[in-house]
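Okay, everyone, thanks for coming. Let's pull the structure up on the screen and walk through it together.

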Amino acid sequence: MCSVISRVKPVQRALASTLRLRTNADGLNYAAAQSRRFCPGFSTGAQPLWVTSRSYCARIATTDGLFFRQLFEAESSTYTYLLADTNTKEAVIIDPVLETIDRDLKFVSELGLSLKVAGTYLPKKRVPGLKSAISKCSGASADIHLTEGDKIPFGRHCLIVRETPGHTDGCITLVTGDQTMAFTGDALLIRGCGRTDFQQGCAEKLYHSVHEKIFTLPDECLIYPAHDYLGQTVSTVGEERKYNPRLTKSMEEFVEIMNNLNLPKPKKIDISVPANLVCGVHSI
């Protein structure tokens with residue numbers, strides 16, 4: 001699931017799931033990612049190769065008038081994405097992490113951006129007028145609930161919601177209006193995918209979600225997942241359709257793989273699941 005902070009008019013559907021307690025899907029660094037990441041998680045299953053001093057990776061958006069920045073939280077190997085209209089300064093931030101909220105809000109302030117919708121109540125206390133937003137299918141509480149096809153405008157740009165359940169019922173993928181970028185959250189990773197053995201997971205649903213909602217995008221559409229442990233920052237739909245070691249299989253083979261990962265129960269899952277259901281606000 002992707003979570004977003006967005007400036008939108010109150011009558012419009014805001015982007016996002018939530019700034020939520022994150023659990024690693026099938027990686028080895030459960031403790032860090034599960035206690036620090038907000039939004040149900042996923043992993044490639046490899047040890048992090050990140051340098052801990054790294055704070056972000058800047059990338060240039062190919063769409064005219066679109067500002068884009070890829071931010072990074074080292075301990076949980078989580079990416080946060082900031083997009084904005086360069087003219088109006090209306091912005092969205094995808095998959096924020098609790099420990100880097102100060103950094104992100106400072107960055108937003110320095111750039112003169114305006115945030116109107118958030119995935120958690122935490123920044124609402126610091127930014128007047130913020131509303132929380134999350135996928136309707138998550139069953140979680142929020143000011144705004146998102147469904148398939150909802151558009152999240154910021155300036156003359158927008159993100160469009162595609163429901164991609166399978167890791168959880170509430171996972172969504174956010175696609176730019178021109179289909180040049182897709183933020184796949186917990187569904188599709190770079191050469192991987194989210195685990196399906198807890199928190200409403202279903203291998204069949206995930207397979208259909210990826211093939212019907214993500215792999216149908218143009219080959220050149222850039223794929224930005226919520227985290228990565230191998231130092232990979234971006235992929236494309238064409239690459240993942242061709243090289244993803246799990247999702248290039250038949251559905252039967254994929255289900256067999258996912259049902260036999262034999263992964264340990266994520267640490268702090270008993271804390272993170274209730275927190276997710278109240279939009280990340282649970283004794284924190």
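So, this is a predicted model, and I'll begin with a sheet: six strands, open, in the order S9-S10-S11-S12-S15-S16, with mixed pairing. Which strands sit at the edges? Those are S9, at 151–154, and S16, at 235–236, and each of them pairs on one side only.

Look at the S16 end for a second. S15, residues 222–225, runs antiparallel to S16, and two bridges join them. If you want a residue to click on, take Leu 222: its bridge partner in S16 is Thr 236.

Now, there's a helix on this sheet. H3 packs there and touches S10 (157–163), S11 (172–176), S12 (181–185) and S15. Compared with the direction of S10, the direction of H3 is at about 145 degrees.

H3 also has a helix partner. That's H5, residues 251–259, while H3 itself covers 203–214. Their axes are 9 Å apart and the packing angle is about 130 degrees, so we'd call H3 and H5 oblique to each other. The crossing of H3 past H5 is right-handed.

Who's actually touching whom here? From H3 you've got Ala 203, Glu 204, Leu 206, Tyr 207 and His 208, and they meet Met 251, Phe 254, Val 255 and Met 258 of H5. Sort the residues of that contact and you get seven nonpolar, one polar and one charged.

Last bit: aromatics. The count is nine aromatic pairs. One to look at is Tyr 81 with Phe 183: the ring centres are 5.0 Å apart and the planes are at 55 degrees, so that pair is tilted. Tyr 81 is in S4, residues 78–85, and Phe 183 is back in S12, so the pair ties together parts 102 residues apart in sequence.

How values were computed. Residues numbered from 1 in each chain as written. Predicted model: local features only at pLDDT ≥ 70, side-chain atom pairs only at ≥ 80, totals over all residues. Heavy atoms only, no water. Axes fitted to C-alpha atoms, helices over the stretch in contact; angles between N-to-C directions. Helix = DSSP H or I, 4+ residues; strand = E, 2+ residues; numbered from the N terminus. Parallel < 35°, antiparallel > 145°, perpendicular 65-115°, else oblique. Left-handed = near helix turned anticlockwise from the far one by under 90°. Contact = heavy atoms within 4.5 Å. Nonpolar A, V, L, I, M, F, W, Y, C, P; charged D, E, K, R; others polar. Pairing = 2+ DSSP bridges. Phe/Tyr/Trp six-rings, centres within 6.5 Å; stacked < 30°, edge-to-face > 60°.
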